[in-house]
Amino acid sequence: MPNVLITGANKGIGLAFAQSFAVDGWKVHACCRQPDKAKELKAIEGDVVLYKLDVSDGLRVAGLAREMIDDPIDILINNAGYFGPRLEFGEIDYDDWTYTFQINTMGPLRMVENFVEHLASSDRKLVVNVSSKMGSLNANETGGQYVYRSSKAALNAVTKSLSIDLKDKGITVISVHPGHVQTDMGGEEAPVTIGKSVSGLRKLIAKVTEEDTGQFFDFDGSTIPW
Ligand code: NDP
């Protein structure tokens, strides 16, 4: 049975990914900070195993990788993310910037460093870094949002280097933009429903091959310039 490991699986896009893969008969390793409170995640029918995981906690990430030593991971979805306070030029909170980097940039790399052998021993060998178009330098026409933009731009740099470094192991690494989605982060007025985003991303994930490694994709399957 194919399996997927998802971070931040208790709500929003991560929860929808967990539901979607479980319905299709995948084994889902669902990670979140407070599994006890993850009611919707616990309610999913299917082969779903919950793990407590804060991606900024290096010891815990390493511990989980050891716990799962006998589990090959077909797909790792680095979904957990944090927008941080929406501070503009002249208002930046540098501590919060560091914290945002720990989650959005260092978290995904730390996951891959710890789970690289689980990925390498699987059939699918795919890492999906949930980035954002806000991290695209080309697409930035409005400025501002220094903290979130830079954390996702740096995540894209991580994706690119991983795609080169892990090629020999046959591991494919991509960044994706899920759209501007109706979640706690995206807000109620966002144009894209969670369902539309995740069904687009599932189609993309199903199609991605080793040739696509190091690319940045929109949820409709098109590529986004860095
Ligand atoms: P939500 O705010 O609904 O969910 C964010 C998830 O990340 C939650 O499960 C949250 O857990 C988890 N998380 C935050 N910090 C940590 C941490 N330190 N360790 C583990 N988990 C953590 O947002 P979305 O579902 O919208 O976001 C999912 C991804 O999509 C993010 O990476 C986001 O940046 C990206 N994205 C979203 C867009 C949108 O419009 N919604 C647009 C572009 C990108 P908890 O509940 O414990 O806080």
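In this predicted model, helices α4 and α5 cross with a right-handed sense. Their axes lie 9 Å apart and the packing angle is about 20 degrees. Because angles under 35 degrees count as roughly parallel, α4 and α5 are roughly parallel to each other. On the α4 side, the contact draws on D96, W97, T100, F101, N104, T105, P108, L109 and V112. Facing them from α5 are V147, Y148, S151, K152, A154, L155, V158 and L162.

Helix α5 itself merits a closer look. It covers residues 146–165, which is 20 residues in total. From its first C-alpha to its last, α5 reaches 28 Å, close to the 28 Å expected at 1.5 Å a residue. Its buried positions are V147, Y148, S151, K152, L155, N156, V158, T159, L162 and S163. These buried residues pack against α4 (94–120), and also against the strands β5 (126–130), β6 (172–177) and β7 (216–218).

Helix α4 has a further partner in α3. The axes of α3 and α4 come within 9 Å and cross at roughly 10 degrees, and that makes α3 roughly parallel to α4. From α3, the residues G58, V61, A62 and A65 take part, and they meet R110, M111, N114, F115 and H118 of α4. One of these α3 residues, G58, can be described in some detail. Helix α3 spans residues 58–67, and G58 is found in it. G58 counts as partly exposed because it has 15 C-beta neighbours inside 10 Å. Between G58 and I69, 11 residues apart in sequence, the C-alpha to C-alpha separation is 17 Å.

A third helix pair joins α1 and α6. Here the axes are 10 Å apart and the packing angle is about 60 degrees, so α1 and α6 are oblique to each other. As it passes α6, α1 makes a right-handed crossing. The residues of α1 in this contact are G12, I13, A16, F17 and S20, and their counterparts in α6 are I194, G195, S197, V198 and R202.

Two other residues of α6 round out the description of this helix. G200 has its place in α6, which runs over residues 194–207. With 19 other C-beta atoms within 10 Å, G200 is partly exposed, since a residue is buried if 20 or more such atoms lie within that distance. Leaving aside residues up to four places away in sequence, G200 touches F219 and D220. The C-alpha atoms of G200 and G179 are separated by 9.7 Å, and the two residues are 21 residues apart along the chain. K203 is found in α6 as well. It counts as partly exposed, with 13 C-beta neighbours inside 10 Å. Between K203 and F219 there are 8.7 Å in space, C-alpha to C-alpha, for a separation of 16 residues in sequence. F219 is thus a reference point for both residues: G200 touches F219, and K203 has its C-alpha 8.7 Å from that of F219.

Helix α1 also leads to the nonpolar interior. The largest nonpolar core has 51 residues, and those with the most contacts inside it are I6, A18, A30, L76, V127 and V128. Helix α1 (residues 12–23) gives the most to this core, with 6 residues. The surroundings of I6 illustrate how these parts meet. Not counting residues up to four places away in sequence, I6 touches G14, F17, A18, V28, A30, C31, I77 and N79. Among these neighbours, A18 and A30 are also listed with the most contacts inside the core, while F17 takes part in the contact of α1 with α6.

Finally, the backbone holds two loop residues with positive phi values. K125 lies in the loop between α4 and β5. Its phi is near 55 degrees, a positive value in a residue other than glycine. K125 is buried, because 22 other C-beta atoms lie within 10 Å. Q145 lies in the loop between β5 and α5, and its phi is near 50 degrees, again positive in a residue other than glycine. With 19 C-beta neighbours inside 10 Å, Q145 counts as partly exposed.

Conventions: Residues are numbered from 1 along each chain as its sequence is written. This is a predicted model: local features need pLDDT of at least 70, side-chain atom pairs count only at pLDDT 80 or more; totals for chains, interfaces and linings use all residues. A nonpolar core is a set of buried Ala, Val, Leu, Ile, Met, Phe, Trp, Tyr and Cys residues joined through C-beta atoms within 7 Å. A residue is buried if 20 or more other C-beta atoms lie within 10 Å of its own, exposed if 12 or fewer, and partly exposed in between; C-beta atoms are placed from the backbone. Helices (H or I, at least four residues) and strands (E, at least two) are DSSP runs, numbered from the N terminus. Two residues are in contact if their C-beta atoms, placed from the backbone, lie within 7 Å. The expected span of a helix is 1.5 Å times one less than its number of residues. Axes are lines fitted to C-alpha atoms, for helices over the stretch in contact, and angles run from 0 to 180 degrees between N-to-C directions. Angles under 35 degrees count as roughly parallel, over 145 as roughly antiparallel, 65 to 115 as roughly perpendicular and the rest as oblique. A crossing is left-handed if the near helix is turned anticlockwise from the far one by less than a right angle, and right-handed if clockwise.
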